[in-house]
Amino acid sequence: MSDKVEDLVQSNRISEAESNIKIFLDGDLRWILMHIEYYVHSARYIPDAFMPFPHDTYSPSSPFSMIRIFDGENLSIQVSSVSPIDFVSRMAGKTVQFSGQKEFYRLLSGRPMTFRQWQCDRICEESDFMGSACRFAEPAELVLGETLEIDGACQAISIDKITSPCVYVQISIPSLSASVSVDFDAESLAYRELHPRNGKAARSMFLLSTLRNIGTPDRAEVIKKLALTGPFYQRWYAVRELLAIDPAAGAEIAKKMVDDDVNPSVRRAARATLDFLASKAKEEA
């Protein structure tokens with residue numbers, strides 16, 4: 001299933017990929033629990049035993065223990081466990097995250113889980129993140145025998161009520177419209193920050209900061225080129241780095257962004273930055 005879904009997503013045949021995922025989830029998934037139980041019991045006799053999966057995750061501050069069964073470029077399959085005690089004692093719930101992915105949940109064991117649900121305007125290249133907020137939606141429920149689908153480009157969920165230890169499988173594939181995940185404040189519902197899901201863009205942003213800190217003679221020219229291409233968040237990140245080393249060059253690109261950039265958040269940030277620079281120059285005059 002994994003190779004076929006990866007290929008379908010790669011060729012933008014998302015509806016076919018979703019159909020294959022649903023067929024998989026509607027099948028007999030007891031083998032997942034049987035495999036996990038086998039390796040857990042093995043650990044009693046082999047202290048350093050590990051499961052043959054990409055990796056597992058446990059954090060004392062998180063209510064979830066997760067095992068990633070498959071971790072591909074366009075598909076991830078993970079199994080999570082959570083108990084009522086861990087949920088109550090560790091769940092902070094300060095951030096609402098719209099993952100930017102299509103997510104499918106299937107309960108493998110336990111009583112029904114109730115989720116709090118939020119909505120936002122669909123995430124895309126033209127989204128005005130800095131001027132947006134999320135809003136509450138109807139609660140969602142995950143019960144044995146049913147699949148819960150979430151479009152992470154406009155929907156987000158978090159556990160609201162759990163009455164028994166639960167184990168569930170989560171399958172994620174990219175959303176065609178969203179190249180980022182977006183965080184909102186769980187109390188004010190206001191925008192907080194975004195995170196690129198594009199690995200190449202994320203590496204470019206890391207290199208931009210490194211280039212600025214290294215201080216090579218041609219760093220401004222290199223950063224200037226990256227401010228004119230790529231995803232909107234990479235363009236603005238490059239302008240911020242350029243402003244730190246060459247304010248005049250950074251301001252020149254910011255002026256163009258105010259009028260021409262396709263993304264409203266970039267236009268808004270560029271205008272705010274220019275207003276700040278003008279105010280600062282006036283104070284120093």
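**Figure 1. Contacts across the whole chain.** Among contacts in the chain with a separation of 6 or more, 68% join residues 24 or more positions apart. Please keep in mind that this is a predicted model. Its secondary structure amounts to 9 helices and 12 strands. The C-alpha trace spans about 70 × 40 × 40 Å along its principal axes. Of the 285 residues in the chain, 43% count as buried. The exposed area comes to about 15,700 Å², with 52% of it supplied by carbon and sulfur atoms. The chain carries 32 positive and 39 negative charges, and the mean positions of these two groups are 3 Å apart.

**Figure 2. Helices α7 and α8 packed against each other.** Here we look at α7, residues 232–245, and α8, residues 247–260. How do their axes cross, and within what distance do they come? The two axes cross at roughly 150° and come within 6 Å. Angles over 145 degrees count as roughly antiparallel, and α7 and α8 are therefore roughly antiparallel to each other. On the α7 side, the contact is made by Arg235, Trp236, Val239, Leu242, Leu243 and Ile245. Facing them from α8 are Pro247, Ala249, Gly250, Ala251, Ile253, Ala254 and Met257.

**Figure 3. Serine 209 in helix α5.** Helix α5 runs over residues 199–214 and includes serine 209. Is this serine buried or exposed? With a relative accessibility of 13%, serine 209 counts as buried; the cut-off for that word is under 20%. Setting aside neighbours within four places in sequence, serine 209 is in contact with Tyr237 and Glu241. Arginine 240 is 31 residues away from serine 209 along the chain, and their C-alpha atoms are separated by 9.7 Å.

**Figure 4. Glutamate 18 in helix α2.** This view centres on glutamate 18, a residue of helix α2 (residues 14–25). Its relative accessible area is 14%, so glutamate 18 is buried. Which residues does glutamate 18 touch, not counting those up to four places away in sequence? They are Lys102, Phe104 and Ile173.

**Figure 5. Leucine 29 in the loop after α2.** Leucine 29 is found in the loop that links α2 to α3, the latter covering residues 30–42. Leucine 29 is buried, and its relative accessible area is 9%. Apart from neighbours within four places in sequence, the contacts of leucine 29 are Phe24, Arg106, Leu108 and Val169. For a sense of scale, the C-alpha atoms of leucine 29 and isoleucine 162 are separated by 21 Å, with these positions 133 residues apart along the chain.

**Figure 6. Two loop residues with positive phi.** Most residues other than glycine have a negative phi, which makes the next two worth a look. Asparagine 12 sits in the loop between α1 (2–10) and α2. Phi of asparagine 12 is near 65°, a positive value in a residue that is not glycine. Leucine 189 also belongs to a loop, the one between β11 (180–185) and β12 (191–196). What is the phi of leucine 189? It is positive, at about 65°, although this residue is not a glycine. Leucine 189 counts as buried, since its relative accessibility is 11%.

Methods
Residues are numbered from 1 along each chain as its sequence is written. This is a predicted model: local features need pLDDT of at least 70, side-chain atom pairs count only at pLDDT 80 or more; totals for chains, interfaces and linings use all residues. Side-chain values use heavy atoms; hydrogens and water are left out. Helices (H or I, at least four residues) and strands (E, at least two) are DSSP runs, numbered from the N terminus. Buried means under 20% relative accessible area, exposed over 50%, partly exposed in between (1.4 Å probe, protein chains only). Contact means heavy atoms within 4.5 Å. Accessible areas come from the Shrake-Rupley method with a 1.4 Å probe; for residues, only the protein chains shown count as cover. Lys and Arg count as positive and Asp and Glu as negative; His and the chain ends are not counted. The place of a charge is taken as NZ of Lys, CZ of Arg, CG of Asp or CD of Glu. Axes are lines fitted to C-alpha atoms, for helices over the stretch in contact, and angles run from 0 to 180 degrees between N-to-C directions. Angles under 35 degrees count as roughly parallel, over 145 as roughly antiparallel, 65 to 115 as roughly perpendicular and the rest as oblique.
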